[in-house]
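Student: Could you take me closely through the cavity in this model, the residues around it and the charged contacts among them? I would like one connected account rather than a list.

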Amino acid sequence: MTLVLLSLFVLLHSRAAEAAPTYSVHYCENNTLFTPNSAYQTNLDSLLASLSNNATISNGFYNTTAGQSPPDRVFGLFLCRGDVNASTCHECVTTASREILQRCPSQKESYIWFDECLLRYSNRSFFSRVSTVPGFNITDSKDVEDPDLFNQLLATVMNDLAAEVASDSSGKKFATDEKEFTSSQTLYSLVQCTPDLSEANCKTCLQTAIGSLPSCCTGKQGGRFLLPTCYIRFELYPFYQVNATDRPPSTNSKGKRKISSQVIIAIVVPILVSMVLVVVGIVFIRRRKARKNYNIAEEQNVGDEMTHIQSLQFDFDTIEAATNYFSDDNKIGRGGFGEVYKPLLL
């Protein structure tokens with residue numbers, strides 16, 4: 001039982017560690033600054049608190065404002081990766097809200113990206129507007145074996161996903177895909193736009209990102225391009241929940257897929273909890289049965305004693321005959337309750 005509880009603790013601890021957001025990059029716009037304890041800082045604090053509070057009830061995207069009029073009004077939003085759950089989204093937005101103030105302490109316009117979310121704010125309205133500046137790329141240092149074949153496959157997948165996301169009317173504008181590259185390697189790809197963009201604006205943003213791949217990521221095993229209103233990423237390993245979208249599996253995708261950690265946890269944790277409950281139940285039943293057997297044994301012992309006691313009780317006629325009618329020849333003394341006689345066995 002101790003081993004089961006230890007395994008459960010380790011598993012839950014590992015899950016908590018995996019949930020920690022992974023920082024990617026940030027950008028501080030230095031053209032406009034605010035002073036400490038100003039009205040803008042008060043509005044900014046209120047905006048960041050609102051973003052964090054709404055990270056658990058939104059669909060991975062939320063935008064809002066704080067303040068009534070410029071230049072102290074603040075516009076802000078967050079976008080969580082389309083496959084993460086509400087708790088992961090909330091943790092990422094909360095972390096981003098804290099870190100962006102540490103990295104950009106006095107800038108009125110700032111951006112921060114994590115693997116799991118994007119957060120940005122500005123003193124200018126940017127809702128529903130495509131923005132391709134600033135942009136950042138992060139690439140894997142390792143190269144693929146066949147760059148030409150890989151680049152061709154990557155371009156096809158990214159363009160197909162971009163068209164799908166731009167026309168998405170579900171409100172998420174997020175899609176992933178898996179394609180076989182070699183017999184032992186699978187290409188994992190992801191694209192996403194902020195849901196407030198129109199189809200044309202989302203397509204413009206994604207085309208900008210895809211068009212930047214040849215200059216940053218040619219022949220690389222992994223890479224991503226981050227923009228304020230969209231981003232794309234590809235790797236040769238699963239970096240998102242493979243079953244996060246309802247898209248049908250690709251006919252070209254072969255080979256084995258890695259089972260996600262959350263799926264494993266969803267299966268293992270109930271099993272471990274059930275095992276603990278079974279062990280507790282068995283211990284309880286055994287103790288209850290042992291106590292019941294003990295009570296039965298005591299009742300039997302009492303019955304035997306009563307039978308023995310009853311067997312020593314004689315009627316008066318029997319006693320009279322055994323003492324020869326209380327003859328003095330049979331008297332052996334006197335006790336606290338009267339004369340004592342020696343009986344004769346009949």
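**The largest cavity and its charged lining**

Tutor: In this predicted model, the largest cavity holds about 100 Å³ of space, and the structure has one cavity of 30 Å³ or more. The residues that line the largest cavity are Ser 24, Leu 79, Arg 81, Trp 113, Phe 114, Asp 115, Cys 117, Leu 118, Arg 224, Leu 226, Tyr 231 and Arg 233. Two or more residues of this lining come from each of strand 4 (107-114), strand 5 (117-122), strand 9 (223-226) and strand 10 (230-235).

Among the charged residues of the lining are Asp 115 and Arg 233, whose side chains meet in a salt bridge with an N to O distance of 4.0 Å. This pair links distant parts of the chain, since Asp 115 sits in the loop between strand 4 and strand 5 while Arg 233 belongs to strand 10, 118 residues apart. Both Asp 115 and Arg 233 are buried. Their contact is also part of a network, in which salt bridges that share partners join Asp 115, Arg 224, Arg 233 and Glu 235; Arg 224 is likewise one of the residues lining the cavity.

Arg 81, another lining residue, forms a salt bridge with Asp 83, with an N to O distance of 2.6 Å between the side chains. Arg 81 counts as buried because its relative accessibility is 10%, under the 20% cut-off, and Asp 83, with a relative accessible area of 11%, is buried for the same reason.

These contacts belong to a total of eight salt bridges found in a search of the whole structure, and a helical example can be set beside them. Glu 99 forms a salt bridge with Arg 103, the closest N and O atoms being 3.2 Å apart. The two residues are four apart in helix 3, so about one helical turn separates Glu 99 from Arg 103. An α-helix has 3.6 residues a turn, so residues three or four places apart point the same way. Here the partners differ in exposure: Glu 99 is buried at a relative accessible area of 18%, whereas Arg 103, at 34%, counts as partly exposed. Glu 99 is also one of the buried residues of helix 3, which include Cys 92, Val 93, Ala 96 and Ile 100. As for the helix itself, the 18 residues of helix 3 (residues 86-103) should span 26 Å at 1.5 Å a residue, and the end C-alpha atoms are 25 Å apart, which agrees.

Definitions and conventions: Residues are numbered from 1 along each chain as its sequence is written. This is a predicted model: local features need pLDDT of at least 70, side-chain atom pairs count only at pLDDT 80 or more; totals for chains, interfaces and linings use all residues. Side-chain values use heavy atoms; hydrogens and water are left out. The expected span of a helix is 1.5 Å times one less than its number of residues. Buried means under 20% relative accessible area, exposed over 50%, partly exposed in between (1.4 Å probe, protein chains only). On a 1 Å grid over the protein atoms alone, a cavity is a set of points where a 1.4 Å probe fits but cannot get out, and a pocket is an open set with protein on both sides within 12 Å along at least five of seven lines; lining residues have an atom within 4 Å of a point. Grid points are joined across faces, edges and corners, and a volume is the space filled by probe spheres set on the points.
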